[in-house]
Amino acid sequence: MNLLTDPVGASHFMAVGAVMFVCGVVCMATKRNGLGILMGIELVINGANLNFVAFGSEFLRRNPDYALGVDGQLIALFVIVLAAAEAAVALAIALNYYNNRATIDVDRADELKG
Amino acid sequence: MDGHINWHSFYFLLFGLTACVFSVAVVLTGSIVRMAFYLTLCLGATAGLFFLAGAGFVGAMQLLIYVGGTLVLLIFGVMLTAQGPFVNMKTRAGEWVIGGAAGLMLLGLLLQAAFRVEEWRGPPEGVATATAENAPPGEIGIRMLGKPGDNGKAVGKESGYLLPFEIVSVHLLVVLIGSAYLARTKRRRRASDPAEST
Amino acid sequence: MDYLPTILGAAVLLPLISFVVIVLFGAAMRKAHVPTHYIATGAILGSFVLSFTAMCIWLSTHGIPEVHEHDAHGHGGHEEHAAGSHSAGADHLGESLAEGKLVEKGQDSQFIALTDDDHKEGGVGKDHASAAHGPDYVADDWYTISPPGIPKMSIGYHIDTLTIVMFVMVTFIASCIHFYAGGYMHEELHDVTDHEVTLSDGKHLRRPGRFHRFFQYLSLFCFSMLGLVIAGNVLMVFVFWELVGVCSYFLIGFYIERKSASTAANKAFIMNRVGDFGMLIGLAALWASFGTFSFGDVDGQPGLFSLIRPAENQHQMTTKDGLVQVGGASTEGESGDDTTDANASNPASFSYGLLIVAGLGIFCGCVGKSAQFPLQTWLPDAMEGPTPVSALVHSATMVAAGVYLVGRFYPVFTPEVLLIIAYVGGITLFMAATIAIVATDIKRVLAFSTVSQLGYMMLALGMGGWIAGLFHLITHAFFKSLLFMCSGSVIHACHTNEMPQMGGLRKKMPWTAYTMLVGCLAIAGAGIPFLIGFSGYYSKDAIIAQAISFTDANPSHKILFFVAAGGAAITAFYMFRLWFLTFSGKPRDQHVYDHAHESPKVMYVPLVVLAVLAVAVGWSIPWGTDADSGNHKELGVTALLETARPAGTADGAGTGVNFDVTYPAEAASHAEEIHVMATLVAFGTAMAGFLLAFVMYGLQRISAEDAAKQFAPVYGFFRNKWYFDELYHILFFKPTHFVSKLVAKFDRRAIDWVVNGTAKVARKVSDTGDAIIDKGLVDGLVNLTAGWIYSVANWFRNVQTGKLRQYVLFIVLGTVVLFVLIEYSSFLNAGH
């Protein structure tokens with residue numbers, strides 16, 4: 001188990017993906033800035049994407065027959081495109097929110113409070 | 001262990017650590033401007049990981065669309081809203097602790113899942129290095145337009161991604177119109193009659 | 001070999017001699033200004049040299065232990081035991097050496113190959129797939145009385161590598177502490193004015209120094225502890241067990257004029273009595289069932305271990321015929337034949353219940369001595385004693401005695417008892433760790449940390465990790481005594497225990513600060529994964545690996561793994577919280593800071609010596625390869641302990657009859673898969689704890705006061721030590737008080753009885769009873785509960801905030817809980 005001399009596998013990619021995912025989640029949970037939350041979402045999406053790509057590769061697992069192949073990459077592409085769309089809409093919402101309230105603090109938006 | 005450095009692993013470590021460190025930095029930094037910068041570096045490193053996993057085309061798209069497009073959009077947002085009090089917004093300590101604890105639990109769960117399956121730990125037997133062989137972009141395009149996979153593995157199971165491709169394109173159109181509409185209404189309200197917005 | 005008992009016996013007696021000398025001449029020496037600690041220190045140093053010699057002798061006669069190249073997959077199934085219960089006893093008996101003193105039993109083909117040449121010839125064990133083995137040991141009686149009609153009672157010894165390792169550890173740490181105490185207690189050399197005791201005339205107490213008395217107790221304590229370790233039978237263990245208890249009473253109550261110290265000493269003593277009561281029951285059960293007290297075989301008579309796990313039964317647990325029969329167990333299956341051992345493989349049929357009682361009883365004693373839940377409350381209070389006492393009593397010796405006894409009695413414990421041990425350890429571990437987070441008294445943090453680490457050991461032992469638990473016992477002794485002595489050095493310099501008044505001391509006392517940092521790193525289990533680490537890194541890894549291995553076999557006890565992993569994170573957090581609060585940052589109390597100074601050389605040199613060992617004691621040194629078997633030899637604590645593993649436990653402790661629990665072989669936890677996972681878990685959790693402490697107390701990015709305010713109910717709950725003292729107050733003190741009040745009243749009115757008639761008195765009694773029970777006890781309890789629920793519910797109200805970010809958090813927590821539940825239930829289903 002030496003990271004420098006042993007080949008890496010899908011697990012290791014998943015580990016990096018997990019760190020990004022969790023950072024994204026913590027980012028969403030702790031940032032008060034609306035744009036910070038958007039960045040958290042980007043991190044989460046990328047963390048998930050990394051898993052798709054890792055499972056697509058035939059060289060990262062013991063039995064290459066189980067690999068997703070090109071499908072993994074295709075899903076990743078779709079995710080990237082949808083993330084772009086999501087960012088555009090979310091940004092529009094964020095700007096609208098900012099224009100209406102003159103703040104970007106999401107804690108002010110607590111109309112949902114029960 | 002013969003002691004030779006496995007360069008593929010080395011680059012994985014390099015990019016992986018960069019991605020991890022900067023994503024943590026995104027969380028820890030208080031300034032929204034720095035967050036955007038760290039996010040750029042993190043996503044760039046992720047593109048590098050895509051290359052290492054043999055997904056060259058996806059990596060390129062990541063750089064082009066994500067780092068080049070989406071993030072620029074985000075940075076625009078930052079520039080438009082980054083006024084004095086909103087650059088640094090402090091979070092209360094308790095929220096840091098709860099968020100951190102929840103994140104660590106989730107991380108533990110995910111890491112356990114990642115390393116539980118022996119099959120995912122490394123390349124196939126006999127392959128010393130996880131050599132990255134990029135799938136040709138042409139194949140990706142063909143698959144996207146509907147031709148079934150010709151590598152003998154997925155034949156018969158599904159027939160390409162024509163329908164999702166169509167849905168995504170319509171979706172993009174909707175998004176374009178929607179965001180344009182959102183941006184437009186706000187300008188009209190502010191310009192014409194502020195009293196009207198009840 | 002023959003010298004071994006003599007040498008170790010001398011090592012036991014040296015502190016006793018020192019005790020006697022100081023008792024007789026201590027007062028005279030004080031008047032003549034002869035420092036008494038030279039005697040005590042010399043004695044314990046001599047004991048250490050003798051113990052070390054004994055270890056060298058043992059190693060030279062038995063060779064450096066070999067390490068088996070594990071193969072976890074082909075190892076240990078319980079099917080094999082059931083199948084292999086045919087007798088191999090004749091072969092094993094033939095193995096016994098003619099010496100009589102030295103009884104060696106069996107050998108192991110799978111785990112250790114004993115290096116004695118005599119064993120190479122037989123090779124019996126290799127014929128069996130699951131050959132059990134016994135450790136080498138030397139056992140005999142020094143002195144025996146055997147009145148007719150009752151089993152003999154004797155003073156004897158039982159020496160194996162566990163004994164020897166404990167001897168070296170105890171004497172070494174005790175030596176360091178003696179040196180240290182020579183510096184720490186110097187003010188007791190002259191008359192002392194105790195500023196914490198105010199007499200009725202408003203002056204402070206002035207009394208003669210008690211330097212000699214301190215060392216006299218210390219010597220007696222060392223003698224008792226060493227006697228406990230060398231003891232060859234249960235009775236002797238019990239005698240020394242009580243001696244240890246009484247010495248701790250003396251030492252905790254050293255400043256006897258202080259109210260807090262004398263009550264703490266009483267509390268420690270009484271709490272231990274509660275445990276010892278259980279232990280007496282256990283001893284009675286064992287004696288009644290087996291008619292012998294000795295552990296090993298002495299003079300050809302089988303001891304407890306070979307009666308419970310006879311060689312004829314592959315050293316698997318068995319129960320003797322003719323004992324109390326457990327109701328409902330079927331013996332018809334055996335069709336009434338008069339066999340005793342042939343059908344003994346069916347444990348339910350015989351006095352299995354009695355074995356459980358015996359095991360639980362002995363564990364009760366260990367609960368008291370090792371401060372486990374629910375008797376843990378005495379240990380933090382015991383911090384009233386001088387710091388060297390805390391270091392000796394609460395790291396290396398007295399509390400270790402409980403863990404040691406569990407390890408020694410390991411073959412006697414049935415799987416049911418082991419499971420209870422594991423849960424008690426787990427609860428203790430978690431509870432004490434949470435309290436340590438919020439404690440501000442530097443010694444109390446360490447005290448709760450000790451309780452928590454003892455819980456770790458019990459957890460490991462209870463999960464079948466014999467080596468893991470005892471290994472942690474050894475490593476923990478080193479770094480915890482180091483930590484205690486460092487804290488003593490800080491207290492010596494600051495004259496306060498409160499961490500909020502310290503800070504920035506690193507510059508004033510660098511030796512203490514950096515040796516303590518080493519201690520913190522060691523207890524947090526710091527290390528470079530897969531490469532090298534501090535001693536705690538190895539032992540904690542072993543425990544977590546055992547937890548993984550155990551919970552893989554018993555998915556319904558998965559919670560034990562989470563407790564072990566969570567405990568590791570909390571440990572790292574509170575240890576670095578302590579360090580950062582004490583040594584880094586800015587001085588919070590300028591007065592204290594200005595008066596702080598580095599301790600004298602006699603105090604910090606033992607710190608450095610212990611720090612070096614806290615780093616290195618976990619290392620295993622490769623020692624070449626055995627020429628015959630090709631196995632690697634290793635010199636290290638684990639390898640040594642491995643040769644003392646009780647017979648028949650290498651393949652796991654078996655399967656529970658009354659509970660659904662299966663014990664995997666401990667070797668299974670060495671599998672690459674589990675080992676990698678354990679290392680990652682241990683490193684990750686420790687890192688997480690460290691980072692949190694660093695951000696909160698090192699960088700002060702997150703304000704600790706702010707967090708405490710936000711979690712006020714939880715914080716208060718932890719601050720008040722889970723309200724255990726209050727609970728015991730309500731459960732035991734109040735009813736007793738109530739009853740005694742009632743009795744007093746009854747007495748006072750006994751004369752009126754005649755005068756006023758029965759009815760009036762009865763009404764009065766019932767009236768007072770009503771007032772006290774209803775208003776005092778019931779209302780108090782109800783109000784307490786209601787108040788608590790109210791505050792909890794009030795806190796929960798904050799959950800509904802309407803805030804976006806908290807909802808994200810709930811999603812995450814929900815996901816985690818969902819996954820854990822799914823995993824749990826799927827394992828449960830797979831289990832049936």
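Helix H3 of chain B, H3(B), has 26 residues in this predicted model. From its first C-alpha to its last, H3(B) reaches 35 Å. That is close to the 38 Å expected at 1.5 Å a residue. The helix has a kink of about 30°, and the kink is centred on B:Leu71. B:Leu71 is also one of the buried residues of H3(B). The others are B:Phe57, B:Val58, B:Gly59, B:Met61, B:Gln62, B:Tyr66, B:Thr70, B:Leu74, B:Gly77, B:Val78 and B:Thr81. An α-helix has 3.6 residues a turn, so residues three or four places apart point the same way.

The buried residues of H3(B) pack against elements of two chains. In chain A, the partners are helix H2 (34–56) and helix H3 (70–101). In chain B, they are H2, helix H4 (84–87) and H6.

The contact between chains A and B takes 90 residues from chain B and 74 residues from chain A. On the side of chain B that touches chain A, six elements each supply at least two residues: helix H1 (7–28), helix H2 (32–52), helix H3 (56–81), helix H5 (93–116), helix H6 (137–144) and helix H7 (162–192). The largest share, 14 residues, comes from H3(B). By class, this side of chain B has 55 nonpolar, 26 polar and nine charged residues.

Chain A has three helices and zero strands. Its pattern along the sequence is α-α-α. Of its 114 residues, 66% are buried. Contacts in chain A with a separation of 6 or more were also examined by distance along the sequence. Residues 24 or more positions apart account for 50% of them. One residue of chain A has an unusual entry in the backbone angles: A:Ala102 is not a glycine, yet its phi is positive, about 60°. A:Ala102 lies in the segment after H3 of chain A. A:Ala102 is exposed because 10 other C-beta atoms lie within 10 Å, and a residue with 12 or fewer counts as exposed.

Chain C has 832 residues, and 51% of them count as buried. Its secondary structure comes to 30 helices and 12 strands. Among the contacts in chain C with a separation of 6 or more, residues 24 or more positions apart account for 78%.

The largest nonpolar core has 327 residues. B:Val26 and C:Ala614 have the most contacts inside this core. Helix H17 of chain C, residues 466–494, gives the largest share of the core, 18 residues. C:Ala614 touches C:Phe478, C:Phe479 and C:Leu482. It also touches C:Val518, C:Gly519, C:Ala522, C:Phe534 and C:Ser535, with residues up to four places away in sequence not counted.

C:Val605 is found in helix H22 of chain C, residues 601–616. C:Val605 and C:Tyr180 are 425 residues apart in sequence. In space they are 8.3 Å apart, C-alpha to C-alpha. C:Val605 has 16 other C-beta atoms within 10 Å, so it is partly exposed.

Two loops of chain C hold backbone features of note. The peptide bond from C:Phe373 to C:Pro374 is cis, with omega near 5°. C:Pro374 sits in the loop between helix H11 (352–369) and helix H12 (378–381) of chain C. C:His495 is not a glycine but has a positive phi of about 55°. C:His495 is placed in the loop between H17 and helix H18 (510–524) of chain C. With 11 other C-beta atoms within 10 Å, C:His495 is exposed.

Confidence in the prediction was also examined. The predictor gives the complex an ipTM of 0.89 and a pTM of 0.65. The mean pLDDT of chain C is 77. In chain C, 83% of the residues reach 70 or more. Two stretches of chain C stay under 50 in pLDDT: residues 69–132 and residues 321–350. For residues 69–132, the model has 111 contacts beyond four places in sequence. For residues 321–350, the model has 42 such contacts.

Definitions and conventions:
Residues numbered from 1 in each chain as written. Chains lettered and ligands numbered in written order. Predicted model: local features only at pLDDT ≥ 70, side-chain atom pairs only at ≥ 80, totals over all residues. Contact = placed C-beta atoms within 7 Å. Helix = DSSP H or I, 4+ residues; strand = E, 2+ residues; numbered from the N terminus. Nonpolar A, V, L, I, M, F, W, Y, C, P; charged D, E, K, R; others polar. Core = buried A, V, L, I, M, F, W, Y, C linked by C-beta atoms within 7 Å. Buried ≥ 20, exposed ≤ 12 C-beta atoms within 10 Å, placed from the backbone. Expected span 1.5 Å × (residues − 1). Bend = angle between axes of the 7 residues up to and from the residue. pLDDT = per-residue confidence, 0-100.
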